[in-house]
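Subject: The structure, and what turned up in it

Hello,

Here is the structure I promised to pass on. Have a look through it first, and then read on for my notes.

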Amino acid sequence: LDIMACLFCVWSVHVRCILTCRKASSVKDATLVKVVPTPNNGFTELVPLIKQKHYVTKEQLVSFLFQKTRYVYDDGQFRPLEFPTGLSYQEYHKWRGYPNDSLIEAAKQKYGKNKLDMTLPDFWTLFKERATAPFFVFQVFCVGLWMLDEYWYYSVFTLFMLVTFEAVLVKQQQRNLSQIRKMGAKPYPMHVYRANRWHKMDSEAVLPGDIVSIGRSKDGNVAPCDILLLRGPCIVDESMLTGESVPQMKEPLDDSTPGEILDLQRDSRLHVISGGTRIVQHTPPEKSGTGLRAPDNGCIGYVLRTGFNTSQVCSDSSE
């Protein structure tokens with residue numbers, strides 16, 4: 001019975017919650033949360049709560065990570081992390097990047113690094129998942145029954161073949177995951193406008209709300225995040241994202257309409273450079289303009305979303 005109870009805890013998150021957890025009176029007292037995704041968007045998981053103090057206000061922040069997406073506790077419920085994607089056109093044009101270190105550190109705490117990091121499980125972790133699968137457990141149980149009937153040679157050989165077959169599958173899975181991990185875009189230096197001056201920093205350090213310079217790369221680098229184009233037009237190859245073979249023209253956002261709010265579904269096709277796409281041609285902003293101009297003569301853009309929340313990977317999958 002103990003073995004079956006342990007196995008059911010592995011097979012079912014609901015059973016594990018019933019047998020090993022109790023309902024907390026408040027979020028502050030809880031350490032785990034059960035996340036039930038929407039249909040066809042993964043499986044139910046029991047994930048740990050992340051508790052930390054806000055860098056500026058010192059208030060306690062409660063959140064969790066599910067499918068590489070962060071959910072923050074606010075007004076009695078968990079909500080997906082909000083990004084600056086619903087501001088007015090004028091607010092985007094007037095913004096001049098983070099003005100001081102305290103706001104930069106608060107943004108780092110909130111959004112984290114701009115990194116598509118896929119953790120590679122070790123051999124024994126993957127083998128444990130396969131060894132506790134219902135079908136594998138059933139086969140081992142059958143081997144035990146055959147041993148009771150004194151089919152020793154056949155039983156031991158069958159058990160050896162089962163373990164060997166699962167080990168080979170685990171090694172193949174590790175190789176596949178390693179190849180997928182290598183396919184990710186490599187970080188590269190880019191110009192970011194902070195504290196009233198341009199800084200050259202790694203693309204992994206870019207934060208939502210940053211003003212950046214983006215343009216055609218000689219090394220073929222792709223856009224590291226979703227960027228709203230503010231100054232300077234460009235032509236973007238979106239074939240890796242949409243399958244569209246014809247490069248798309250991207251125009252800078254027009255600030256002449258007062259009070260107009262950015263709508264990603266409406267404006268992303270013309271004004272947003274999606275993460276993972278490649279710029280094939282760009283035109284530097286005019287020198288006669290009053291806006292910012294980057295040292296590398298790139299187009300000026302506003303970072304909207306980073307990491308696993310960019311257009312190339314994001315999806316609303318939990319409730």
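Before the first pair of strands, one term: two strands count as paired if DSSP finds at least two bridges between them. Please also keep in mind that this is a predicted model.

On confidence, the mean pLDDT of the protein is 87, with 97% of its residues at 70 or more. Residues 315-319 are the place for caution: the pLDDT there is below 50, although this stretch has 16 contacts in the model beyond near neighbours in sequence.

**A pair of strands**

Strand S1 covers residues 32-35 and is joined to strand S2, residues 45-48, by 4 bridges in an antiparallel arrangement. Within that pairing, Val35 sits opposite Glu45 of S2. S1 has two faces: Val33 and Val35 are on the covered one, while Leu32 and Lys34 are on the uncovered one.

**The sheet of six strands**

Further along there is an open sheet of 6 strands with antiparallel pairing, in the order S8-S7-S9-S15-S10-S13. Strand S8 (197-202) and strand S13 (272-273) each have a single partner strand, so one side of each has no neighbour in the sheet.

Strand S15 (residues 299-305) is a good place to start looking. In S15, 7 of the 7 residues are buried, so the strand is largely enclosed by the rest of the structure. On one pairing, strand S9 (residues 211-214) runs antiparallel to S15 over 4 bridges, and Ile211 has Tyr302 as its bridge partner. On another, S10 and S15 are antiparallel over 5 bridges, with Leu228 opposite Tyr302.

Strand S10 (residues 226-231) also pairs with S13, antiparallel and over 2 bridges. Leu228 appears here again, with Val272 of S13 as its bridge partner.

**Charged side chains**

As a reminder, side chains of opposite charge can pair when their charged atoms come close. The count for this model is 7 salt bridges, and three of the pairs are described below.

What does Arg305 meet in a salt bridge? Its partner is Asp226, with N to O at 3.1 Å. This pair links distant parts of the chain, with Arg305 in S15 and Asp226 in S10, 79 residues apart. Both Arg305 and Asp226 are buried.

Arg130 and Glu166 also meet in a salt bridge, at 3.6 Å from N to O. Arg130 belongs to helix H5 (residues 123-131) and Glu166 to helix H7 (residues 152-182), so the pair ties together parts that lie 36 residues apart in sequence. Arg130 is partly exposed at 29% relative accessibility, whereas Glu166 is buried with a relative accessible area of 11%.

Arg266 and Asp267 form a salt bridge too, their closest N and O atoms being 2.9 Å apart. Glu260 joins these two residues in one network, through salt bridges that share partners. Arg266 is partly exposed, with a relative accessible area of 44%, and Asp267 is buried at 6%.

**A buried arginine without a salt bridge**

Back in S10, please look at Arg231. Arg231 is buried yet has no salt bridge. Why not? The cut-off is 4 Å between a side-chain nitrogen of Lys or Arg and a carboxyl oxygen of Asp or Glu, and the nearest side chain of opposite charge, Glu286, is 6.4 Å away. What does the side chain of Arg231 reach instead? The backbone oxygen of Leu292 is at 2.5 Å from it.

**A threonine in a loop**

My last stop is Thr132, in the loop between H5 and helix H6 (134-148). Is Thr132 buried or exposed? Thr132 has a relative accessible area of 18%, which means that it counts as buried, the limit being under 20%. The side chain of Thr132 reaches the backbone oxygen of Lys128 at 2.8 Å. Leaving aside residues up to four places away in sequence, Thr132 touches Val10, Trp11 and Val137.

If you open the model with these notes beside you, Tyr302 is a handy landmark in S15, as it stands opposite Leu228 and is also the bridge partner of Ile211.

Best wishes

Key: Residues are numbered from 1 along each chain as its sequence is written. This is a predicted model: local features need pLDDT of at least 70, side-chain atom pairs count only at pLDDT 80 or more; totals for chains, interfaces and linings use all residues. Side-chain values use heavy atoms; hydrogens and water are left out. Buried means under 20% relative accessible area, exposed over 50%, partly exposed in between (1.4 Å probe, protein chains only). pLDDT is the predictor's confidence in each residue, from 0 to 100. Contact means heavy atoms within 4.5 Å. Lys and Arg count as positive and Asp and Glu as negative; His and the chain ends are not counted. A polar contact is a pair of N or O atoms within 3.5 Å; within protein, one must be able to donate a hydrogen and the other to accept it, and residues adjacent in sequence count only if both atoms are side-chain atoms.
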